[in-house]
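Me: Please explain how the structural terms applied to this model are justified, setting each value against its definition.

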Amino acid sequence: MTLHRKGLVLDFGGVLTTPLLPAALAFERRAGLAEGTLLTGLYLNPEGIRRTEELERGTIGQPEWNEAAGRLLGLDPDNLMGRIFADLRPEHTLIAAAAAARRAGVKVGILSNSVGLTPWNLYDGYDIDERYDAVVLSELHGTRKPEPKMFELVLDRLGLPAEECVFVDDTAQYLPPAAELGFATVHAEDPARTVAALEDALGIALSADEPSGRP
């Protein structure tokens with residue numbers, strides 16, 4: 001007999017938004033940068049990695065990150081984070097699936113390694129406090145995925161054990177630590193495939209053109 005989970009935990013950027021990489025590549029083109037400059041300068045460079053982790057933990061703010069990243073990339077730091085991800089848009093397929101899960105009685109939470117809330121707020125316009133049962137943003141708690149404390153925080157707010165939840169993230173390296181805690185995991189690479197995997201894990205239909213339950 002298949003165990004259907006009662007909770008759904010979603011990453012935000014790249015799951016409830018369109019993918020991050022195309023937005024970053026579009027920024028590189030606008031800024032006249034060679035393709036891969038952001039990856040090399042921010043996510044392979046030790047200082048870039050350190051500064052991003054500090055931002056996610058809330059030990060520095062977005063303005064400090066903008067200054068450091070601007071220096072590493074040779075760019076104007078003014079609202080740099082917002083400029084890099086200006087092309088992000090809501091991923092309506094997953095947002096609708098999350099809403100359908102809640103209507104069916106599934107508890108739905110957000111677990112996000114945040115990128116600062118000012119001057120640019122990634123979460124603006126998504127009504128996350130109203131549309132989800134729990135919201136855990138890393139910078140507000142001094143931790144970050146994949147540390148167990150992050151997962152424990154969202155489980156506590158949902159009132160569920162990991163064994164009863166599904167965790168969805170577009171970053172593959174965060175999935176094994178979640179699985180070790182007991183989560184079922186889904187790698188968000190394509191919205192339609194992600195929804196199909198969630199329907200199997202939760203035992204309910206989440207697509208708009210399907211009935212609300214499964215036999």
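The exchange below takes the sheet, the packed helices, one loop residue and the largest pocket in turn.

Reply: This is a predicted model, in which local features need pLDDT of at least 70 and side-chain atom pairs count only at pLDDT 80 or more, while totals for chains, interfaces and linings use all residues. Residues are numbered from 1 along each chain as its sequence is written, and side-chain values use heavy atoms, with hydrogens and water left out.

Me: What makes D133 count as partly exposed?

Reply: Buried means under 20% relative accessible area and exposed over 50%, with partly exposed in between (1.4 Å probe, protein chains only). D133 has a relative accessibility of 36%, so it counts as partly exposed. This residue is found in the loop between α7 (128-131) and β3.

Me: Which residues does D133 touch?

Reply: Contact means heavy atoms within 4.5 Å. Leaving aside residues up to four places away in sequence, D133 touches R102, V106, K107, V108 and L158. D133 and V154 are 21 residues apart in sequence, and their C-alpha atoms are 9.6 Å apart in space.

Me: How do you know that β1 and β2 pair?

Reply: Strands (E, at least two residues) and helices (H or I, at least four) are DSSP runs, numbered from the N terminus. Two strands pair if DSSP finds at least two bridges between them. Strand β1 (residues 7-10) and β2 have four bridges, in the parallel sense, and one bridge partner is I110 in β2 for L10. Four bridges also join β1 to strand β4 (residues 165-169), again running parallel, with F167 in β4 as the bridge partner of V9. On its part, β2 pairs in the parallel sense with strand β3 (residues 134-137) over four bridges, where L111 stands opposite V136.

Me: Why are β3 and β5 called edge strands?

Reply: The open sheet has five strands in the order β3-β2-β1-β4-β5, with parallel pairing. Strands β3 and β5 (184-187) each pair on one side only. Neighbouring strands of this sheet are turned by 20° against each other on average, direction ignored; the axes are lines fitted to C-alpha atoms, for helices over the stretch in contact, and angles run from 0 to 180 degrees between N-to-C directions.

Me: What makes both faces of β1 covered?

Reply: In a regular strand the side chains alternate between the two faces of the sheet. In β1, G7 and V9 on one side and L8 and L10 on the other are all buried. Strand β2 (residues 107-112) is mostly covered, with five of its six residues buried.

Me: Which helix lies across β1, β2, β3 and β4?

Reply: Helix α8 (residues 148-158) does, running at about 155° to β2. Its buried residues are M150, F151, L153, V154, L155 and L158, and their cover includes β1, β2, β3, β4 and α9 (175-181). Just after α8, G159 takes a positive phi of about 70°.

Me: How are the residues lining the largest pocket classed?

Reply: Ala, Val, Leu, Ile, Met, Phe, Trp, Tyr, Cys and Pro count as nonpolar, Asp, Glu, Lys and Arg as charged, and the others, Gly among them, as polar. By these classes the lining has 25 nonpolar, ten polar and eleven charged residues. Helices α1 (20-31), α2 (37-43), α3 (46-57), α5 (80-84) and α10 (191-202) each supply at least two residues of this lining.
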